Amino acid sequence: MRMQAAGLFEQEIKPPEVARRLRVSRKSACQWRQLWRDGGREGLVSRGPSGSRCRLSPRCLEKLAGYLEQGPAAHGWVEDQVWTAARVATLIGRKFHVSYSVSGATRLMHRLGFSPQIPARRVAERDEQAVTVWKEATWAEVKEPGRPAEAASASRTKPGSPDGRPMDAPGAGVVTPRS
C-alpha cells in the first residue's frame with residue numbers, strides 16, 4: 001500500500017486524493033508523503049511489526065511451555081487445574097524474574113498454544129455415572145421450560161407477526177410487507 005502511495009506521489013497526486021484512492025485516512029497519506037519526501041521509496045519500507053519485543057528468550061519460552069504442561073498443581077495452585085492469565089503472569093515472575101501484565105500473559109499463552117481459564121482435563125475424582133444420573137433425573141426437574149412452539153418472534157421486544165395474533169387482537173389479519 002505504501003509503495004502504491006509512493007507511485008502516486010511520484011505522479012504529483014496530493015495526499016487527500018491518495019487517501020481516497022487507497023482507502024486510507026488522510027493522516028496516513030500525509031505521513032507517507034512526508035516519509036517519501038525525506039527518504040524516497042526506501043523511507044516507506046515497513047519496519048516490521050510494532051509493539052514491544054517478547055521479554056523472554058526462545059529458551060525461556062520453551063521452559064515456560066514445559067511449566068504450563070506440568071499443570072498449575074505442580075507450581076502451587078492445587079485448588080483446581082486451571083491456568084488463568086494471572087497465574088501465568090505470576091509464574092513468569094517467579095521463574096524468570098520478568099514482569100508481565102495479565103493481557104501480556106494471555107497473548108504469550110496463545111503464542112505457545114495454550115488458552116487461559118480452561119481446564120486441561122477432567123478432574124480425576126469425577127464420577128461419570130453420577131453425572132449421567134443427575135442429568136437424567138435432577139436436570140429434567142429444575143430445567144426451565146423453553147418458549148412455546150407457537151411463538152412467532154424470537155425477540156422479547158419485537159412482537160410476533162400479525163397472523164400469529166388472536167383474531168380479536170389489534171392488527172389481527174393485517175399483513176405488512178417485510179423489507
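1. A salt bridge is taken here as a side-chain nitrogen of Lys or Arg within 4 Å of a carboxyl oxygen of Asp or Glu. In this predicted model, Glu17, Arg20 and Arg21 are linked in a network of such bridges. The count of salt bridges by this rule comes to five.

2. One pair in that network can be described in detail. Between arginine 21 and glutamate 17, the closest N and O atoms are 2.9 Å apart. Both residues belong to helix α2 (residues 15-22), where they lie four residues apart, about one turn of the helix. An α-helix has 3.6 residues a turn, so residues three or four places apart point the same way. As to solvent, arginine 21 is partly exposed, at 44% relative accessible area, and glutamate 17 also counts as partly exposed, at 24%.

3. A further set of bridges involves arginine 87. This residue forms a salt bridge with glutamate 79, with 2.8 Å between the closest N and O atoms. Arginine 87 also forms a salt bridge with aspartate 80, where the closest N and O atoms are 2.7 Å apart. Side chains of opposite charge can pair when their charged atoms come close.

4. The surroundings of these three residues deserve a separate remark. Arginine 87 has a relative accessible area of 11% and counts as buried, because the cut-off for that class is under 20%. Glutamate 79, by contrast, is exposed, at 56%, while aspartate 80 is partly exposed, at 30%.

5. The overall fold is helical. The secondary structure comes to seven helices and zero strands, and the pattern read along the sequence is α-α-α-α-α-α-α. Among contacts between residues at least 6 apart in sequence, 41% join residues at least 24 apart.

6. With regard to the nonpolar interior, the largest core has 18 residues, and those with the most contacts inside it are Leu56, Leu64 and Ile92. Two or more residues of this core come from each of α4 (58-70), α5 (85-96) and α6 (102-111). Helix α5 gives the most, with five residues. In soluble globular proteins, nonpolar side chains tend to be buried together.

7. Isoleucine 92 may be examined more closely. Leaving aside its neighbours within four places in sequence, isoleucine 92 is in contact with Leu56, Leu64, His97, Val98, Tyr100 and Leu108. A second, separate core has twelve residues, among them Ala5, Ile13, Val18 and Ala29.

8. Burial and surface can be stated for the chain as a whole. Of its 179 residues, 26% count as buried. The accessible surface comes to about 13,700 Å², and carbon and sulfur atoms account for 52% of that area.

9. The final point concerns the geometry of helix α7 (residues 128-142). This helix has 15 residues and reaches 20 Å from its first C-alpha to its last, close to the 21 Å expected at 1.5 Å a residue. Helix α7 nevertheless bends by about 35° at lysine 135.

Methods. Residues are numbered from 1 along each chain as its sequence is written. This is a predicted model: local features need pLDDT of at least 70, side-chain atom pairs count only at pLDDT 80 or more; totals for chains, interfaces and linings use all residues. Side-chain values use heavy atoms; hydrogens and water are left out. A nonpolar core is a set of buried Ala, Val, Leu, Ile, Met, Phe, Trp, Tyr and Cys residues joined through side-chain atoms within 4.5 Å. Buried means under 20% relative accessible area, exposed over 50%, partly exposed in between (1.4 Å probe, protein chains only). Contact means heavy atoms within 4.5 Å. Accessible areas come from the Shrake-Rupley method with a 1.4 Å probe; for residues, only the protein chains shown count as cover. The expected span of a helix is 1.5 Å times one less than its number of residues. The bend at a residue is the angle between axes fitted to the seven residues ending there and the seven starting there.
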